[in-house]
Amino acid sequence: MKEQIYTIPVTDAFREDCECPVCFLEKNLEDQYIEYFLGPSLMEPDHRIETNDKGFCRRHFELLYNRQENRLGLGLIVDTHLQHQNSNLKKLFGRKFSAEIGKKTDTAHKEPTSSFVKNISLKLKSKKTNDDNFIENIIERLRNLEKQCVICSKMDYTMGRYLDVIFYLWSKEKEFRDLFNSKKGFCLIHFRQLLEGTVKYLNNNDRTIFVENLLKMQINNMERIQHEVNWFTEKFDYRNKDAPWGNSKDALPRSIQKISGYCNLK
Ligand SMILES: [Zn+2]
Ligand SMILES: [Zn+2]
């Protein structure tokens, strides 16, 4: 099978006792990428080109920073990313304006910020139509940058391969199908992705079987977790003070994960 390298993480994740095996896969993958971008990727020129160009989303910048490892490495990534983005912005301003920015940087202490801003507004006022395009162009560039994240795009690709493997194993291996059907369901995001996957991967007959099993599993476990979180709230009643917690002690973070997918709850 072509996707062999993805089968071990998938079967390992499905052997875990958790609220969503696909979240388990996603978290492991994310951890690996965080480690990779704080370590080996720094030596890979191709990855530096990519991080310079795309950068990271807010979630992944937070995870990279909060890891508190190799802050020099992260600093180097951020430094060259900013150099690249600043250079792109300057190019958008045009040659003439770039020259002015250069001059302003040299005499930054003498030039008040207000004159810098005045120059921009003068430029904007003098060429209305071109300036509309100019502003739209900057907005478009910034929007694209916000949507891009090197880690998100790598994760999207690998999570796609994991879904391929889940459906492949479910179709071909009875042992995996039994394992799949023994789970506690999935978070709602991965539940939706699995339902979407049935269109791409399964024939009509298999699709009916898959969806029926999945829905039963999901509904039973959504009800289970709702009861668990309900008992969590009941435990705040003094009359239940001495009653056993059952599975409810950590029901709140587990139920949030069930609704929203893997998140960094403390
Ligand atoms: Zn999930
Ligand atoms: Zn991201």
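**Figure 1. Helix H1 passes helix H2 in a right-handed crossing.** This is a predicted model, as are all the views that follow. A pair of packed helices is described by how far apart the axes are and by the angle between them. Here, the axes of H1 (residues 4-15) and H2 (residues 21-38) come within 8 Å and cross at roughly 125°. H1 and H2 are therefore oblique to each other. If you want to see who touches whom, look for Pro9, Val10, Ala13 and Phe14 on the H1 side. Their partners in H2 are Pro21, Phe24 and Leu25.

**Figure 2. Tyr6, a residue of helix H1, and its partners from further along the chain.** Is Tyr6 buried or exposed? Its relative accessibility is 14%, so Tyr6 counts as buried, the cut-off for that label being under 20%. Setting aside neighbours within four places in sequence, Tyr6 is in contact with Tyr157, Thr158, Arg161, Tyr162 and Val165. Met159 is worth finding in this view too: 153 residues separate Tyr6 from Met159 in sequence. In space, the two C-alpha atoms are 9.6 Å apart.

**Figure 3. The zinc ion (ligand 1), held by three cysteines and a histidine.** Which atoms coordinate this zinc ion (ligand 1)? The donors are the SG atoms of Cys20, Cys23 and Cys187, plus ND1 of His190, at 2.0 to 2.3 Å. Angles among the four donor atoms run from 97 to 118°, and the site is tetrahedral. Along the sequence, the donor residues of ligand 1 follow the spacing C-x2-C-x163-C-x2-H. Take Cys23 in helix H2 and His190 in helix H11: this pair links distant parts of the chain, 167 residues apart. Cys23 is buried, with a relative accessible area of just 1%. His190 counts as buried as well, at 3% relative accessibility.

**Figure 4. The zinc ion (ligand 2), with donors Cys57, His60, Cys149 and Cys152.** The three cysteines bind through SG and His60 through ND1, at 2.0 to 2.3 Å. Why is the arrangement around ligand 2 called tetrahedral? Because the four donor atoms subtend angles of 103 to 114°, and four donors earn that name if all angles lie between 85 and 135 degrees. The donor spacing in sequence reads C-x2-H-x88-C-x2-C. Cys57 sits in the loop between helix H3 (45-54) and helix H4 (58-66), while Cys149 sits in the loop between helix H8 (128-147) and helix H9 (150-172), so this pair ties together parts that are 92 residues apart in sequence. Cys57 and Cys149 are both buried.

**Figure 5. Gln68 and Asn70, found in the loop between helices H4 and H5.** H5, at the far end of this loop, covers residues 71-93. Where does phi of Gln68 come out? It is near 55°, a positive value in a residue that isn't glycine. Asn70 also has a positive phi without being a glycine, with a value near 45°. As for accessibility, Gln68 counts as partly exposed because its value is 42%. Asn70, at 34%, therefore gets the partly exposed label too.

**Figure 6. Thr198, a buried residue in helix H11.** H11 covers residues 188-201. With a relative accessibility of 1%, Thr198 counts as buried. So what is Thr198 in contact with, beyond its neighbours within four places in sequence? Its partners are Phe167, Arg207, Phe210 and Val211.

**Figure 7. Zooming back out: a chain of 13 helices and zero strands.** Read along the sequence, the pattern is α-α-α-α-α-α-α-α-α-α-α-α-α. Of the 266 residues in the chain, 36% are buried. How much of the contact network is long-range in sequence terms? Among contacts with a separation of 6 or more, 72% come from residues 24 or more positions apart. The Tyr6 contacts in Figure 2 and the two zinc sites in Figures 3 and 4 are good places to go back to with that in mind.

Conventions: Residues numbered from 1 in each chain as written. Chains lettered and ligands numbered in written order. Predicted model: local features only at pLDDT ≥ 70, side-chain atom pairs only at ≥ 80, totals over all residues. Heavy atoms only, no water. Donors = N, O, S within 2.8 Å, 3.2 Å for Na, K, Ca; no water. Tetrahedral: all angles 85-135°; square planar, octahedral: opposite > 155°, others 65-115°. Helix = DSSP H or I, 4+ residues; strand = E, 2+ residues; numbered from the N terminus. Buried < 20%, exposed > 50% of the residue type's maximum accessible area, 1.4 Å probe, protein only. Axes fitted to C-alpha atoms, helices over the stretch in contact; angles between N-to-C directions. Parallel < 35°, antiparallel > 145°, perpendicular 65-115°, else oblique. Left-handed = near helix turned anticlockwise from the far one by under 90°. Contact = heavy atoms within 4.5 Å.
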